[in-house]
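Subject: Structure for you to look at, with notes

Dear colleague,

Here is the structure that I promised to pass on, and below it I have set out what was found in it. Please read the notes with the model open beside them.

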Amino acid sequence: MTSGPASLFDKILAAHTIKRFEDQGTLVLIDRILLHERTGSVALASLEEDGRALAAPETVLATIDHIADNRPGRPALSRMPGGEVFVEAMRQQSQRAGITLYDVHDRDQGIVHVIAPEQGFALPGVTIVCPDSHTCSLGALGALAWGIGTSEAEHALATRTLRIPAYKQMRIVLTGTLPEWSTAKDVILALISRHSARHAVGHVIEFAGPAVDDMPIEARLTLCNMAVEFGAFTAMIAPDEKTFDYVEGRTFSPEPAQIAEARMWWKTLRTDAGYTFDQEIRFDVTNLAPMVSWGTSPEHAVPVDGTVPEDIPDDSRALDYMALRPGQPLAGLKVDTAFIGSCTNSRLSDLRRAAGILRGRRVAPGVKAICVPGSNAVKRAAEEEGLDRIFTAAGFEWQEPGCAMCFYAGGASFGERDRVISSTNRNFEGRQGPGARTHIASPETVAWSAVQGRISDVRNWAKTPVRPPDERVS
Amino acid sequence: MSEFRKHKGRAVVMAQDNISTDQIIPSREMKRVSKIGLGDGLFANLRYIDAAKGGRTPDPDFVLNQRDGESASVLVAGANFGCGSSREHAVWALKEFGFRVIAAESFGTIFFNNCAANGVLPVVLTPEEVSALMETVLAGSHVKADLEAQRLMAGDLDFSFTLPPAQREMLLKGLSAIDVTLADKPLIDLFVAQDQKLRGWLYKTERPSNG
């Protein structure tokens with residue numbers, strides 16, 4: 001590592017390497033740790049039980065997101081029956097340990113991977129971990145961020161370090177220009193469906209190329225968010241001027257006096273010319289269609305105007321679970337529920353694009369539609385722009401921030417066997433409720449499908465006239 | 001970390017790819033701020049016909065409810081086992097039920113590390129080896145795993161596997177990863193002290209009280 005070209009990952013790893021082991025593993029300094037009530041509380045309880053102190057509580061930020069009540073005004077602490085114990089535990093543990101907590105009613109509360117960038121907690125070049133698999137989202141800012149289990153969270157909290165093995169490196173170069181109605185979500189779904197949900201196991205992904213350069217920061221967060229659905233250890237994007245502008249002036253960002261010094265280092269965080277990756281994928285996004293999933297893994301996805309594949313193994317449970325046949329078109333499938341939210345697609349730009357589809361239109365009769373902004377900051381900003389009124393006028397419920405219906409935690413649920421069009425990241429069996437049939441897609445596709453009452457191609461939106469108000473009621 | 005050296009036991013087969021931690025332990029089954037009390041919720045949606053309503057009526061079609069499923073301690077599965085959510089509850093539930101060895105074509109990365117941290121041995125085999133193992137297990141053979149020799153045996157089969165050396169040593173000796181790392185505490189402290197000079201901009205960790 002001392003000579004020759006180095007990758008973005010190599011450079012951040014080198015800056016954090018405390019010790020190298022014979023097996024090429026590394027003991028790395030963990031700069032910042034994120035916790036949420038669902039898994040963080042268990043890690044903190046376990047440390048307390050073992051009588052271990054936190055090495056650096058000032059580097060830890062906690063939030064209540066996974067099972068926070070999402071109903072307007074939050075009449076309860078948790079949406080999960082008995083879930084209050086997790087919220088209460090997190091509160092007491094945070095106080096005892098001296099951890100900053102973004103509590104349920106905090107003005108900046110939100111989904112951990114939405115607030116980490118918003119608060120400047122995630123920054124270029126930092127190592128950041130969280131006992132949550134979607135921590136890879138934060139690599140979009142040029143951080144080395146990855147999801148861990150509870151035991152590793154305990155290790156990071158107690159020692160300020162983690163031991164990681166040597167990972168292979170994969171570069172995914174996105175070329176061309178995204179068409180108007182295709183998004184970062186469609187890119188990552190297309191990649192996973194082409195290469196399989198396990199293709200990137202054992203790898204760190206670096207996303208690069210002109211189509212990545214073109215992406216706003218929030219789109220990059222969506223792209224990196226689903227790296228775990230590709231099997232990757234994590235994903236990263238080299239920080240650029242957009243990144244530097246984005247991170248400046250936030251709660252935990254560098255002080256103005258130190259920003260120049262930070263930028264000097266951040267500008268070096270790019271893969272050197274001549275570096276050879278273990279694997280490289282090139283993908284021209286110019287003709288990419290909006291994607292939608294048909295099965296029970298994110299690799300089960302096709303263009304929205306496509307059909308369920310014919311060559312599905314006989315022993316696959318996916319078609320039975322989803323009540324679909326090989327060769328069946330996706331567009332036109334009747335949906336019961338539409339959900340916009342989650343750490344994948346609940347940021348302001350996501351809500352703006354969905355609202356653009358919904359403006360002046362109404363959700364089809366019989367469709368239950370829910371929008372859950374990713375954080376209170378997103379919710380406030382959206383309300384200042386009047387997006388909430390567009391959602392509610394269209395028939396969407398406008399709820400309080402949190403992970404919400406991305407996963408079922410007991411309590412309120414979609415109906416059993418409901419077909420759900422969802423801007424989330426996982427279409428696993430039972431993920432959104434017992435028997436729930438989840439189709440994941442971009443927020444635009446979710447919004448347009450909600451209006452049509454069927455999985456629909458958002459590229460037809462502009463061609464479809466708005467019906468006058470009196471026709472909408474029946 | 002719990003110790004693992006050798007294990008022999010009854011095996012079950014789940015011949016699917018991409019079995020997620022959501023399937024291994026649904027979120028609603030994680031009811032306490034604790035690592036225990038999860039075995040009952042293992043594979044709940046597959047194992048009980050009335051799981052959605054909190055019921056516990058066994059589904060006779062599910063492998064753990066068949067023959068000697070209740071006493072199984074080895075699980076053989078397809079590719080990408082334990083993908084998805086990082087919830088370590090998946091491993092705690094498997095272990096509480098009695099599983100000590102999981103053999104699969106590949107694993108979700110976080111799940112793999114979680115296994116090793118809890119004395120459950122994750123064994124990666126080739127697709128051909130997994131198929132042969134499934135066949136042998138379905139014919140009634142027990143499975144034997146030896147971590148010292150890094151071999152997995154069943155009937156006439158004898159496969160070698162590897163575990164990252166660090167995890168192997170931890171499991172064999174039953175070491176606590178935290179204690180091992182804390183032995184290097186002076187090194188860590190020195191590194192942090194130097195880093196604070198190099199990257200002073202990072203060490204702003206106070207949230208303004210007006211937040």
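Among the elements that cover the buried residues of helix H15 of chain A are strand S15 (337–340), helix H12 (348–358), strand S17 (396–398) and strand S18 (419–422) of the same chain. Helices (H or I, at least four residues) and strands (E, at least two) are DSSP runs, numbered from the N terminus. H15(A) itself runs over residues 443–452 and is mostly covered, with nine of its 10 residues buried, where buried means under 20% relative accessible area, exposed over 50% and partly exposed in between (1.4 Å probe, protein chains only). The buried residues of H15(A) include Pro443(A), Glu444(A), Trp448(A) and Val451(A), and just after this helix Gly453(A) takes a positive phi of about 75°.

Before going further, please note that this is a predicted model, in which local features need pLDDT of at least 70 and side-chain atom pairs count only at pLDDT 80 or more, while totals for chains, interfaces and linings use all residues. Residues are numbered from 1 along each chain as its sequence is written, chains are lettered from A and ligands numbered from 1 in the order in which they are written, and side-chain values use heavy atoms, with hydrogens and water left out.

Trp448(A) also gives a point of reference for Met291(A): the two are 157 residues apart in sequence and 13 Å apart in space, C-alpha to C-alpha. Met291(A) lies in strand S13 (residues 291–293) of chain A and is buried, with a relative accessible area of 4%. Leaving aside residues up to four places away in sequence, Met291(A) touches ten residues' worth of surroundings that include Asp186(A), Leu189(A), Val302(A), Pro303(A) and Ile440(A), contact meaning heavy atoms within 4.5 Å.Two helices of chain A are also worth a look: the axes of H13 (residues 376–385) and H14 (residues 387–394) come within 5 Å and cross at roughly 80°. (Axes are lines fitted to C-alpha atoms, for helices over the stretch in contact, and angles run from 0 to 180 degrees between N-to-C directions.) That crossing makes H13(A) roughly perpendicular to H14(A), since angles under 35 degrees count as roughly parallel, over 145 as roughly antiparallel, 65 to 115 as roughly perpendicular and the rest as oblique. The contact is made by Ala382(A), Glu383(A) and Glu385(A) of H13(A) with Leu387(A), Asp388(A) and Arg389(A) of H14(A).

Turning to the aromatic residues, the structure holds 16 aromatic pairs over all chains; rings of Phe, Tyr and Trp (its six-membered ring) pair if their centres lie within 6.5 Å, and planes under 30 degrees apart count as stacked, over 60 as edge-to-face and the rest as tilted. Phe391(A) and Phe396(A) form an edge-to-face pair, 5.4 Å centre to centre with 75° between the planes, and Phe391(A) is buried at 0% relative accessibility, as is Phe396(A) at 3%. In chain B, the rings of Phe107(B) and Phe111(B) are stacked, with their centres 6.2 Å apart and their planes at 15°. Phe244(A), Trp265(A), Trp266(A) and Trp201(B) form one aromatic cluster.

Finally, chain B has eight helices and eight strands, and buried residues make up 57% of its 211 residues.

With best wishes
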